[in-house]
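Here are my comments on the model, set out point by point. They concern the sheets and the helices packed against them.

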Amino acid sequence: QVVYVLPGLMGSRIGTRGRLLDDVIWLDPIEVAAGHLTRLALPRGSRLSALGVMLLNALKLRLTLQIAGFDARFHAYDWRRSVERLADELLARIESDGVRSPMLVGHSMGGVVVRVALAADRGRIARAVQLGAPNSGSYASVLAMRGVYPTVRKLAALDLRHDAEDLARIVFRTLPSLHELLPDADLADGANLFDSSEWPDDALRPDPDLLADAASARRRWPANDPRCLHVVGVRQETVVLAERRGRQFRFHYSDDGDGTVPRVLAVMPESKTWFATETHGGLPNNGRVISAVVDLLREGTTGRLPSSHRAATRKVRTVAESTLRRVAPHN
């Protein structure tokens with residue numbers, strides 16, 4: 001049985017294919033230090049493409065699936081692009097490979113790509129598993145576009161030419177994927193972040209046209225498919241609300257999520273869901289979660305993870321955007 005494994009947002013290498021060696025922009029430390037991450041911006045960086053999967057958060061899952069008897073194959077994708085485009089590319093690959101009744105496993109954004117692909121595959125896909133998928137968005141997109149997401153701050157510390165705000169302004173504000181993965185205001189009880197007027201009025205405010213395109217795309221995303229099974233991370237401190245105060249956001253944290261995706265934005269109504277006490281990035285490397293994925297692909301159910309979760313949220317803490325700028329690495 002063929003299983004395609006999709007990594008999460010930022011989990012595929014991006015660059016230019018070469019005859020002998022690929023020119024990798026994401027993520028080559030030398031390119032980062034030289035200030036070349038700005039080449040990822042769209043539409044200027046449209047000629048760049050996905051070159052392969054970054055193995056740190058995907059290799060253990062693939063190898064375990066292979067040991068379990070599956071023909072597990074990585075599917076790298078250009079995570080800068082819209083989810084619908086990436087879903088079409090996934091289906092085109094399945095068609096090109098001539099695979100009948102494939103299965104899919106998608107981590108994070110890869111799980112959303114899987115879900116959208118299911119709606120357009122004409123019943124060919126047998127089963128799919130999501131790991132920590134931001135089905136209704138995540139505040140990680142807000143943090144990235146405001147230049148305070150920890151990964152962005154760490155990369156900026158290596159960049160000799162740009163700070164985190166430069167990367168947010170030049171690169172992240174141009175990517176359809178980040179706009180499409182903004183949190184659903186109805187579920188998160190927050191502002192409508194698909195409306196640019198709800199953002200601080202500064203150089204990092206998103207483009208209204210990109211927000212409108214993202215909102216339109218989100219309305220087209222399908223409801224849950226019974227073939228799609230969900231593993232959701234819980235009990236990790238997670239941003240669950242962004243509240244604008246003047247020229248900045250104040251971010252509210254609780255433990256009702258996986259550290260990146262709030263539980264309420266991951267769970268799909270009437271879906272088959274299992275819960276793991278694990279961080280977002282740790283889900284595809286967690287041995288119990290991987291064993292559960294094997295069960296889910298084979299049987300459609302698992303006893304290795306609980307299928308219910310009682311939220312016991314600790315007291316919410318609030319952190320100002322300005323505080324995140326001070327405590328995160330910068331140059």
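**Sheets and flanking helices**

1. In this predicted model, an open sheet of 6 strands with parallel pairing follows the order S5-S1-S6-S7-S8-S11. Its edges are formed by strand S5 (71-74) and strand S11 (272-276), each of which pairs on one side only, and the twist from one strand to the next averages 20°.

2. Within that sheet, strand S7 (residues 127-131) is joined to strand S8 (residues 228-233) by 4 bridges in the parallel sense; a residue to look at here is Val 129, whose bridge partner in S8 is Leu 229.

3. Two helices should be viewed together with these strands. Helix H2 (residues 59-67) lies across strand S1 (2-6), S5, strand S6 (103-107) and S7, and runs at about 160° to S5, whereas helix H4 (residues 109-118) lies across S1, S6, S7 and S8, running at about 145° to S6.

4. There is also an open sheet of 3 strands, ordered S9-S10-S12, in which the pairing is antiparallel. Strand S9 (238-245) and strand S12 (317-320) each have a single partner strand and stand at the edges, so one side of each is left without a neighbour in the sheet. From one strand to the next, the twist in this sheet averages 25°.

5. For the pairing of S9 with strand S10 (residues 248-254), which is antiparallel, the model shows 7 bridges. Val 239 may serve as a reference point when the register is inspected, its bridge partner in S10 being Tyr 253.

Conventions. Residues numbered from 1 in each chain as written. Predicted model: local features only at pLDDT ≥ 70, side-chain atom pairs only at ≥ 80, totals over all residues. Heavy atoms only, no water. Pairing = 2+ DSSP bridges. Axes fitted to C-alpha atoms, helices over the stretch in contact; angles between N-to-C directions. Contact = heavy atoms within 4.5 Å.
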